[in-house]
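Trainee: Before I use this model at the bench, I would like to understand the reasoning behind the labels attached to it. Could we go through them one at a time?

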Amino acid sequence: MDVTLKLYASLGTYLPDHAHKNEAVVSVDDGINVEALIDQYQVPRKECHLVLVNGVFKAPGQRSQTVLKAGDAVAVWPPVAGG
Amino acid sequence: MGWHRKILRINLSKGTVDVEPLNMEWAQQYLGQRGLASKYLINEIDPKVDPLSPDNKMIFATGPLTGTAASTGGRYSVITKGPLTNAIACSNSGGYWGAEFKFAGWDMLILEGKAEKPVYLTIMDDKVELHDASEIWGTTVWHTDDWIKTKHQDPMMHIAAIGVSGEKEVLYSAIVNDLHRAAGRSGVGAVMGSKNLKAIAVRGTQGVAVKDGKTFLKATMDGKKVLAENAVTGQGLPTYGTQVLMNVINEAGAMPTRNHRDVQFEGSHDISAEAMHEPRKTDGKKNLLTNQACFGCTIACGRISKIDENHFSVKNKPEYWHASGGLEYEAAWALGSNTGIDDLEALTYVNFICNEQGMDPISFGATVSAAMELYDLGLLTTEHTGGIELKFGSAEALVKCVELTGKAEGFGKELGMGSLRLCTKYGRPDLSMTVKGQEFPAYDSRGIQGMGLTYATSNRGACHLRSYTVSSEILGIPEKTDPLATEGKPALVKAFQDATAAVDSAGICVFTTFAWTLEDIAPQVDAACEGGWTPDRMMEVGERIWNMERMFNMQAGFTGKDDNLPPRLLSEPAKTGPAEGRVNGLEKMLPEYYQLRGWTADGVPTNETLSRLAV
Ligand code: SF4
């Protein structure tokens, strides 16, 4: 199935080559969870500060429990802030 | 200590300069800067005063840490009654002006009356002089800065000035210091213009003594270590600036778009921090050149940008080809997402003009977006706009609007009234995305519920800097709360409001609080000045300041009914994203907030609360 992986700020370097505007549609195994997707793209877990699935925050403890569906969007940031 | 204990009072009507001792009793009760200067202002003006009349006063105020070795210790605030809101106004700025003013030996500057003719002020330590400003009246902030430094043969001066917009009383005019740092909100620049005061140039050669040097050095070094080791203040903010929020807030479905019609902007990536870091397709160069720090700051979140010289906005205008203050998140949102414009170079140019002419880009952008909606509905036409096709998404229209508003010419005069007055004039006040007359910043409160309460209750009208619950609701600092829940938000908002009022009174930047708590700040304040400053004392002072500001606003004519949001946010559900189908639940939060504050059900501080806080 396809999901959208979005990696922002310093994590952009972990995106696959076909990524555009910090996002890429990627093919993954059915039933993959958020943490496994992050690991698959070798994004260091400790850098994954803010993880949103379809815009909704997933705390570190929830990531391996959150199973993705086709079409889901996973967006990840290192520690960032603004105002 | 931390203080010179000296205030400069200048009566512009009479041309007099007086020196007064700082009221140290009040400094114990209100700390400094925002709190202390608000106490002075409230003590001296009629709350019902016309903000643009000579009877209004304005105060430039520092905190005990301004000009010291504390990280970010360069801040000052301008406190006055604001013409955009008719409420108390307090606009905070960085750069170098605040520290330089303190180095000149002063804690605070109180300006009264109105000069007969345009003047500018120079403060060189004890030498304080008013000068004829006729040669620079009608010119920009940038020209004024250069002209004064040349005239006085002193490139080391730091200058806070207004542009033409401030002279012509555009209601969201800013005071800009060091070319691109601004006391931006609520129209403080228009108050300066109404006093016929063009600029204040400062030069100081004195240091700032602290109460206990050894303890102070340790406390500030400890604080700097915390900032350096924290991933947000040590890496995130210096590298990406506040603009990194563009994609975060869009993804979270809280990005006000096209005057809050939508909550997600399809062009957000093109105007984000990531885009500023990428080489442009047109010339292969990056929009962002480097970051920059304000005085004494070890975070350095500022952006320095350069516009593509072939971009339509600056083509054949080499005066805008240099590097200058780039887009911060608030400006990029207001000028971009909120107008539906995804042209990064155009937004950078418009931001340059906001700095050059001294305008708040948040209120300017939000007013243009309201005008675009009126145009979309046929209530404004090209006849009103002088031929500008004011369509959502038109960078050309935005560029024309900023050039006209900066000089208060043509349709720019209408835009200069701000969104509430403009929408009211054209029959749709409900389309003005404001609270107490001030335009919203960059967070849609349908997607971040706590921000609805923050905006509704802010003492200076809609503002994110009075209680930045985004920090908790989205970023998880200090701890994560659910942005879609209303439960727990009244207490969160109150805690943020009180703590921020204390930070704003200390002389440091609120961005330190992404890493620092009051446990980090209080020891620095306590080593700098008398007062036995603990985190609890700071929270108590913050609460006192909040209630004092509230009482001023009530005496100025505001009531609990003004703690409200525009109908769109309370009745038009968000169309997409996590908040789809939701409105802001203000009515669920407000009664509990009043109760926690010790206010009546109508939002009036009770006598018991006021006497507990000794307001
Ligand atoms: S964090 Fe940014 S705004 Fe605050 S003092 Fe430092 S550079 Fe200035």
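Mentor: Let us begin with chain A, bearing in mind that this is a predicted model: chain A contains two helices and five strands, and these follow one another along the sequence in the pattern β-β-α-β-β-α-β.

Trainee: What makes chain A as compact as a globular protein of its length?

Mentor: The radius of gyration of chain A is 12 Å, and the globule rule gives 12 Å for 83 residues, so the value is close to the expected one and chain A is as compact as a globular protein of that length. Along the principal axes, the C-alpha atoms of chain A fill a box of roughly 35 × 30 × 20 Å, and 53% of the 83 residues count as buried.

Trainee: Turning to chain B, why is B:D55 called exposed?

Mentor: The label exposed requires a relative accessible area over 50%, and B:D55 has 57%, so B:D55 counts as exposed. Its place in the chain is the loop between α2 (33-44) and β3 (58-62) of chain B.

Trainee: Which residues form a negative surface patch with B:D55?

Mentor: The patch is formed by B:D55 together with B:D46, B:D50 and B:E169. It is called negative because Asp and Glu count as negative, and these four residues are Asp or Glu.

Trainee: Why is B:R258 called buried, and what is its phi?

Mentor: Buried means under 20% relative accessible area, and B:R258 has 16%, so the label buried applies to B:R258. Its phi is near 50 degrees, which is a positive value in a residue other than glycine, and B:R258 lies in the loop between α9 (245-251) and α10 (273-277) of chain B.

Trainee: Why is B:A614 called partly exposed?

Mentor: Partly exposed covers the range between the cut-offs of 20% and 50%, and B:A614 has a relative accessibility of 41%, so B:A614 counts as partly exposed. B:A614 also has a positive phi, of about 55 degrees, although it is not a glycine, and it is found in the segment after α25 (607-613) of chain B.

Trainee: How do you know that the peptide bond from B:I477 to B:P478 is cis?

Mentor: The evidence is the omega angle, which is near 0 degrees for the bond from B:I477 to B:P478, and this bond is accordingly described as cis. As for its setting, B:P478 is found in the loop between α19 (470-473) and α20 (489-503) of chain B.

How values were computed:
Residues numbered from 1 in each chain as written. Chains lettered and ligands numbered in written order. Predicted model: local features only at pLDDT ≥ 70, side-chain atom pairs only at ≥ 80, totals over all residues. Heavy atoms only, no water. Patch = residues over 30% accessible without salt bridge, like charges linked within 9 Å, V, L, I, M, F, W, Y side chains within 5 Å. Areas by Shrake-Rupley, 256 points an atom, 1.4 Å probe, with all protein chains shown as cover. Salt bridge = Lys/Arg side-chain N within 4 Å of Asp/Glu carboxyl O. Charge placed at Lys NZ, Arg CZ, Asp CG, Glu CD. Helix = DSSP H or I, 4+ residues; strand = E, 2+ residues; numbered from the N terminus. Buried < 20%, exposed > 50% of the residue type's maximum accessible area, 1.4 Å probe, protein only. Rg over C-alpha atoms; globule rule 2.2 N^0.38 Å.
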